[in-house]
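Student: I should like to learn how to read the features of a protein model. Could you guide me through one?

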Amino acid sequence: MLLYFLITCFSFIFLKSLPHKPLPSWATEVRLLSLWFWKELFLFPYFESLKVTLFRASKIPSKISIKRMTLSSHGKLENPVDETGEMSILDLPELALDCILERLSPAGLCSMAGVCTSLRERCISDHLWERHMKKKWGRIIGPSAYREWQFHIASSKDFGSCKLSKQKSLRKLLSIVWPSSWMKSKDDKLNNDNSFKHSSSLSVDSIMSWYLAIESGRFWFPAQVYNRENGHVGFMLSCYDAELSYDPQTDTFQARYPPHGRRAIAIETGVQWDRIRAPPVDTSPHDLHISDCLNDLRPGDHIEIQWRRNKEFPYGWWYGVVGHLESCDGNENYCLCHNSNTVVLEFHQYTRGSRWRCTMINRKEHREEGNEADGFYGGIRKLKSKEEISRWKQLWPREILE
């Protein structure tokens with residue numbers, strides 16, 4: 001290469017020193033060859049270098065390529081850099097990638113699921129969404145809500161099967177009128193569309209699907225609401241069953257209460273998070289809760305008791321405390337109220353002398369007790385959690401009720 005360079009340069013200088021006479025054709029060709037060589041030797045490399053430098057400067061270093069690279073049998077990258085010099089997120093070790101996905105928010109997982117098929121399969125897995133489900137909805141979602149979701153899934157599948165059956169019946173009817181070749185092409189197109197939708201759609205029984213159904217407000221789930229109907233005086237320190245729908249715009253809930261007797265369905269909007277809980281016991285609001293704590297009740301214990309206005313109404317849970325018998329002076333050293341079959345229940349949100357202030361039940365034979373005037377008292381559950389007791393006290397009315 002060096003010898004060729006010297007010969008070319010020498011020929012160029014020699015030709016320039018000759019008198020200005022017409023040159024032979026071979027001299028012109030040598031001159032053009034010399035110029036082409038200089039251009040190739042010096043100019044092109046600089047142009048290429050400048051182009052590469054500008055191209056790299058315009059790239060964002062933090063951007064991650066989605067192109068997957070091959071891994072060796074030992075789990076190491078065989079080609080750690082692709083053609084653009086970028087690294088793929090899929091080339092990370094399994095543990096590292098899982099740690100990244102576990103730290104993503106639900107919105108982040110949804111965005112990442114739209115990148116590629118491999119990430120989609122990871123981002124919609126139940127073990128990632130189970131943590132988000134418990135964190136946001138765990139306090140207000142109970143077994144009854146899960147059963148309602150399973151019923152919703154079954155209904156959706158039944159509706160899909162019925163729709164498919166109707167499509168098959170329609171195609172069978174149309175096959176009598178149109179040629180079989182035309183129907184076959186339509187069937188192939190339909191099958192291809194269905195297979196594409198099946199591969200690209202989210203499974204309805206996944207935890208991610210359940211989370212998004214609640215988050216969007218499309219799924220109404222059963223729960224219980226404290227001080228229903230915006231703290232109506234007739235429901236202070238009570239908790240009633242309702243169907244709830246989340247409003248993502250206001251971060252509140254809409255509550256739909258079942259009808260009471262002849263009363264229509266009551267709807268309440270703007271229900272805050274601190275007024276909602278999952279049902280503590282898996283008992284229908286129309287069924288009597290079987291009490292299992294009657295023998296353990298002592299004065300000062302905090303309780304919830306079922307109460308309803310009449311037999312047509314559903315039960316609500318009301319907060320109260322166990323009181324002392326009239327024959328007891330309240331001295332803990334001499335109190336024998338826990339040995340009596342009669343248990344006094346007090347509701348201190350009502351003034352003394354109010355008919356709602358106190359009631360008594362039989363410890364041994366308690367079932368539903370009451371009448372049409374004072375309502376009916378049902379099952380009892382003893383509050384053992386300080387968190388539950390504290391929540392009831394936070395809902396205490398500003399004024400004592402009559």
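Tutor: We shall proceed from the whole chain to its helices, and then to single residues. Please bear in mind that this is a predicted model.

Student: How many helices and strands does the protein chain have?

Tutor: The protein chain has 11 helices and 11 strands. Of its 402 residues, 35% are buried. Contacts can also be sorted by separation in sequence: among those between residues at least 6 apart, 57% join residues at least 24 apart.

Student: Let us turn to a single helix. Which residues of helix α11 are buried?

Tutor: A general idea comes first. An α-helix has 3.6 residues a turn, so residues three or four places apart point the same way. In helix α11, which spans residues 386-394, the buried residues are Ile 389, Arg 391 and Trp 392. Viewed down the axis of α11, these buried residues fall within an arc of 160 degrees, so they line one face of the helix.

Student: Which exposed residues does the face of α11 turned away from its buried side carry?

Tutor: That face carries Lys 386, Glu 387 and Gln 394, which are exposed.

Student: What covers the buried residues of α11?

Tutor: The cover includes several strands: β1 (221-226), β2 (238-247), β5 (276-277), β6 (302-308) and β7 (316-323). The start of α11 also deserves attention, for there a side-chain oxygen of Ser 385 reaches to within 3.2 Å of the backbone nitrogen of Glu 387.

Student: How should I read a pair of helices? At what angle do the axes of α6 and α9 cross?

Tutor: One reads the distance between the axes, the angle, the handedness and the residues that meet. The axes of α6 (residues 126-137) and α9 (residues 207-215) come within 8 Å and cross at roughly 35 degrees. The crossing of α6 and α9 is left-handed.

Student: Which residues of α6 meet which residues of α9?

Tutor: From α6, the participants are Asp 126, Trp 129, Glu 130, His 132, Met 133, Lys 136 and Trp 137; from α9, they are Ile 207, Met 208, Trp 210, Tyr 211, Leu 212, Ile 214 and Glu 215. The residues of this contact divide into nine nonpolar, one polar and four charged.

Student: Is α9 mostly covered or mostly open, and how many of its residues are buried?

Tutor: Helix α9 is mostly covered, with seven of its nine residues buried. These are Ile 207, Met 208, Ser 209, Trp 210, Tyr 211, Ala 213 and Ile 214. After α9 comes Gly 217, which has a positive phi, near 85 degrees.

Student: Which residue other than glycine has a positive phi?

Tutor: To read such a case, one takes the backbone angle together with the place and the burial of the residue. Leu 237 has a phi near 60 degrees, a positive value in a residue other than glycine. Leu 237 is located in the loop between α10 and β2, and its relative accessible area of 0% makes it buried. Asn 227 offers a further case: its phi is positive, about 45 degrees, although it is not a glycine. Asn 227 belongs to the loop between β1 and α10 (228-231), and at 7% relative accessibility Asn 227 is buried.

Student: Why does His 366 count as buried?

Tutor: Burial is judged by relative accessible area, with under 20% as the cut-off. His 366 has 10% relative accessibility and therefore counts as buried. His 366 lies in the loop between β9 (358-362) and β10 (369-371). The side chain of His 366 makes a polar contact with that of Glu 369, at 3.4 Å. Beyond four places in sequence, His 366 touches Ser 291, Leu 294, Ile 361, Tyr 377, Gly 378, Gly 379 and Ile 380.

Student: Is Ile 267 buried or exposed?

Tutor: Ile 267, in strand β4 (residues 266-271), counts as exposed at 54% relative accessibility. Apart from residues up to four places away in sequence, Ile 267 touches Gln 254, Ala 255 and Arg 256.

Student: Where is Ile 400 placed?

Tutor: Ile 400 is in the segment after α11, and it is partly exposed, with a relative accessible area of 46%. Ile 400 and Thr 351 are 49 residues apart in sequence, yet 6.0 Å apart in space, C-alpha to C-alpha. Leaving aside neighbours within four places in sequence, Ile 400 is in contact with His 348, Gln 349, Tyr 350 and Thr 351.

Note on methods: Residues numbered from 1 in each chain as written. Predicted model: local features only at pLDDT ≥ 70, side-chain atom pairs only at ≥ 80, totals over all residues. Heavy atoms only, no water. Buried < 20%, exposed > 50% of the residue type's maximum accessible area, 1.4 Å probe, protein only. Helix = DSSP H or I, 4+ residues; strand = E, 2+ residues; numbered from the N terminus. Arc of directions from axis to C-beta. Contact = heavy atoms within 4.5 Å. Polar contact = N/O pair within 3.5 Å; in protein donor to acceptor, adjacent residues only side chain to side chain. Axes fitted to C-alpha atoms, helices over the stretch in contact; angles between N-to-C directions. Left-handed = near helix turned anticlockwise from the far one by under 90°. Nonpolar A, V, L, I, M, F, W, Y, C, P; charged D, E, K, R; others polar.
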